[in-house]
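Visitor: I'd like to learn how to read the pockets of a protein model. Could you walk me through one?

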Amino acid sequence: MSAVTPVPIGPDRVTTDGEIVVRSPYDGSEVGRVPACRAAEVDRAVAAASAQLAAAAGGTDPLPAHERAAILDRAAALLAERGEHFARIIAAEAAKPLRTARTEAQRAVDTFRFSAAEARTLSGDVVPLDASAAGAGKLGVTLRVPIGVVGAISPFNFPLNLVSHKVAPAIAAGCPVVLKPASQTPLSALALAVLLLDECGLPPGWLSVVTGSGGVVGDSLVTHEGVAMITFTGSPDVGWAIRARAPRKKVSLELGNNTPVIIEGDGDWRGAAAKLKVAGFSHAGQSCISSQRLYVHRSVYDDFVAALVDEVSSLVVGPPLDEATDVSALISGSETERVTGWIAEAVAAGAKVAVGGDVGDDGVLRPTVLTGVTPAMKVCSAEVFGPVVGVAAYDDLDEAIELANDTRYGLQAGIFTARLDSALTAARRLDFGGVVINEVPTWRADQQPYGGVRDSGNTREGPHYAVREMTEVRLVVMQP
Ligand code: NAP
């Protein structure tokens, strides 16, 4: 039995009378314990954050932009140095294979670096007031001022980098943060918070962590009067319900997707199959942009399926901390049951299992390719969030675009084609936050604008964009 890791709230390290035991999703072994916080801890954290904000607004700014940038740079440097340490925490609590977890840890370094750049360069505009007769003789400028205390709620699947995408831009923007990490994966977030507070010079109160259930701690944060903005990444139902509960707050939502990929007959379908081996199965498909629906031109359909099955058959399934492992357990047994249920339902409706489809003695669902999937099947219409891709044939690009757009989601989509006109048609007509050409739409760089339309959300992350979401424009008019 491990000791409870206290959470930083204001200047204190806090435990409560309740606790959450964090277990490996792979074998159920205990990974750590964290406090089960409640509304009282959220109140304490928001009060500490508000005090920092008040000090900054009162003219005794304890944390000017150059210091915020230096803190973010120090964090990037320490994360780079300790990538292996963080990767092992991620692998242990999320069952993310170690090699994939290392990539996540490396990406968090970028997220902090780009946020440091934003802290140094964030600025307003000059407004040409004298462009109207009424403004003649006046000077107008805009300032970017922190929106206030940011409440950040994060999911389990990128427990370090998605926390970084909230915390680092908030620091850059000058907003104190109260963070509620996913209950399954609080340890990466806590390790990051301790690094920022104890080693990078972030003053207490600028970042508090409240571990506890979404229904208790998450809800207290969402409805707290002292919180100006909620930045949420997670599932659509939870996200939209949060927005409905907080009509007076800014609520930024990064939600799910059922990512489509179009593979034209003239496209590099072999290269696509090799990339999809990773893009459909990394972290067992538990990525919001995991490639899920593959629409393949009928002229190359059989060859593509054979190539994909070859690739997927070579994936190594095993324990997350094993160097050789490509695919490990889903986040919980109930998720494994849900996904196998969806596979069975698709098969009953006419899909064929080309590879995988079964759960091994280790309880891990094997990487699965389904062929002949149709839009009505859940594996197409909903977000699988498991190691399953579905393939279907199409006859012309219009049909493929229609199939790809036939979704409540709209995060990223992709196309493989050798033709510029097809690529541009797809870029114009695929109704998603991002269209990726000749690369899998599971690809993301941490500085890009990342976010979706429809049920995939209402914002863009990436430090440059998140910092703008976390600041308000204040107009200053000067009459000399
Ligand atoms: P989730 O169940 O929606 O949980 C996300 C977070 O919300 C967790 O911290 C959870 O806390 C909290 N929460 C739950 N109920 C709440 C409530 N009533 N009030 C406030 N907070 C509440 O999502 P997940 O299963 O962790 O993550 C998977 C989903 O995230 C997928 O749909 C995936 O596509 C999406 N995602 C999107 C992006 C993106 O950038 N667009 C990136 C990654 C993941 P507990 O853990 O305590 O329940």
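**Around the ligand**

Guide: Let's start with the shell around the ligand, which by class holds 14 nonpolar, 11 polar and 5 charged residues. Keep in mind that this is a predicted model.

Visitor: How many residues surround the ligand, and which are the closest?

Guide: There are 30 of them, and the closest are S154, S183, S235, L255 and E383. A residue gets onto that list if one of its heavy atoms lies within 4 Å of the ligand.

Visitor: And which elements do they come from?

Guide: Helix 7 (214–223), strand 10 (229–233) and helix 8 (236–245) each put at least two residues into the shell.

Visitor: What about polar atoms? Where is a polar side-chain atom of S183 relative to the ligand?

Guide: For polar contacts, look for pairs of N or O atoms within 3.5 Å. A polar atom in the S183 side chain is 2.5 Å from a ligand oxygen. The backbone joins in too: a polar backbone atom of S154 sits 2.8 Å from an oxygen atom of the ligand, and for F156 a backbone N or O atom is 3.3 Å from a ligand oxygen.

Visitor: How much of the ligand's accessible area does the protein cover?

Guide: On its own the ligand has 910 Å² of accessible area, and the protein covers 84% of that.

Visitor: Now the pockets. How do I picture the empty space?

Guide: Rolling a probe the size of a water molecule over the atoms shows where empty space is left. Here, the largest pocket holds about 900 Å³ of space. Its lining has 42 residues, with P155, F156, G234, S235 and V238 the closest to the centre.

Visitor: Which pocket does the ligand sit in?

Guide: The largest one.

Visitor: Which elements give two or more residues to the lining of that largest pocket?

Guide: Helix 7, strand 10, helix 8 and helix 11 (333–348) do. Helix 8 gives the most, with 6 residues. By class, the lining has 19 nonpolar, 12 polar and 11 charged residues.

Visitor: How much space lies in the second largest pocket?

Guide: About 520 Å³. It is lined by 26 residues, and T103, R107, F158, S282 and T442 are the closest to its centre. Helix 4 (98–121), helix 5 (161–173) and helix 9 (269–279) each give two or more residues to that lining, with helix 4 giving the most, at 4 residues.

Visitor: And the classes in the lining of the second largest pocket: how many of each?

Guide: You'll find 10 nonpolar, 10 polar and 6 charged residues there.

Definitions and conventions. Residues numbered from 1 in each chain as written. Predicted model: local features only at pLDDT ≥ 70, side-chain atom pairs only at ≥ 80, totals over all residues. Heavy atoms only, no water. Polar contact = N/O pair within 3.5 Å; in protein donor to acceptor, adjacent residues only side chain to side chain. Areas by Shrake-Rupley, 256 points an atom, 1.4 Å probe, with all protein chains shown as cover. 1 Å grid on protein atoms, 1.4 Å probe; cavity = no way out; pocket = protein on both sides within 12 Å on 5 of 7 lines; lining within 4 Å. Sits in = over half its atoms within 2 Å of the grid points. Nonpolar A, V, L, I, M, F, W, Y, C, P; charged D, E, K, R; others polar. Points joined across faces, edges and corners; volume = space filled by probe spheres on them.
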